[in-house]
Amino acid sequence: ATRQNQKEFRRKGGIEIIKENLRIGEVDQTGNNNTFLLAVLDCLNFAVYGNSRSELHFLEIEGVYVLLDLLEEGGECLRRLILSSMCTILQNGKVFKYFVEWNSSKTTINATQLLIKLYEQEDKRFSVDF
């Protein structure tokens with residue numbers, strides 16, 4: 001039943017809706033932005049991941065780029081969840097090309113540099129010295 005639901009979700013334009021909602025910086029209503037993005041990431045996890053056609057469609061509409069943008073711009077609160085989502089989609093061999101091609105529109109860093117930057121921020125946050 002899950003596979004059929006994922007197929008129907010893809011056919012009805014649900015993956016595009018997920019992508020667009022990952023781009024939303026602020027929620028229009030009085031809702032909490034982090035709670036909203038948590039729900040969108042949860043939807044991505046269950047409605048797209050694990051279905052090769054849905055994952056491919058997410059790639060084709062540049063969903064990985066949006067996810068990386070969110071990782072760069074998103075707050076610390078959602079960082080682990082976004083990283084977990086990236087790890088899940090990176091298990092698909094076709095994704096690596098998109099990961100390598102991404103460059104930040106704000107800082108022009110690439111995905112590898114972004115991960116190093118996040119790693120350094122975590123070291124600093126936990127006072128890790130070498």
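**Surface patch and pockets**

In this predicted model, Tyr119, Phe126, Val128 and Phe130 make a nonpolar surface patch of about 530 Å².

Colleague: Does tyrosine 119 count as buried or exposed, and at what relative accessibility?
Modeller: Tyrosine 119, one of the residues of the nonpolar patch, has its place in helix H8. The cut-off for exposed is over 50% relative accessible area, and tyrosine 119 therefore counts as exposed, with a relative accessibility of 54%.

Colleague: Which elements give two or more residues to the lining of the second largest pocket?
Modeller: The second largest pocket holds about 160 Å³ of space, and the residues that line it include Glu76, Arg80, Leu115 and Tyr119, the last of which also belongs to the nonpolar patch. The elements that give two or more residues to this lining are helix H6 (76-90) and helix H8 (111-125).

Colleague: How do the residues of that lining of the second largest pocket divide into nonpolar, polar and charged?
Modeller: Among the lining residues are Cys77, Leu83 and Leu118, as well as Arg79, Glu122 and Arg125. Leu counts as nonpolar, and Arg and Glu count as charged. The whole lining of the second largest pocket divides into five nonpolar, no polar and five charged.

Colleague: Which element gives the most to the lining of the largest pocket?
Modeller: About 190 Å³ of space lies in the largest pocket, which is lined by 14 residues, with Leu22, Arg23, Ile24, Leu70 and Glu73 the closest to its centre. Helix H3 (33-47) and helix H5 (63-73) are the elements that give two or more residues to this lining. With four residues, the element that gives the most is H5.

How values were computed
Residues numbered from 1 in each chain as written. Predicted model: local features only at pLDDT ≥ 70, side-chain atom pairs only at ≥ 80, totals over all residues. Heavy atoms only, no water. 1 Å grid on protein atoms, 1.4 Å probe; cavity = no way out; pocket = protein on both sides within 12 Å on 5 of 7 lines; lining within 4 Å. Points joined across faces, edges and corners; volume = space filled by probe spheres on them. Patch = residues over 30% accessible without salt bridge, like charges linked within 9 Å, V, L, I, M, F, W, Y side chains within 5 Å. Areas by Shrake-Rupley, 256 points an atom, 1.4 Å probe, with all protein chains shown as cover. Salt bridge = Lys/Arg side-chain N within 4 Å of Asp/Glu carboxyl O. Buried < 20%, exposed > 50% of the residue type's maximum accessible area, 1.4 Å probe, protein only.
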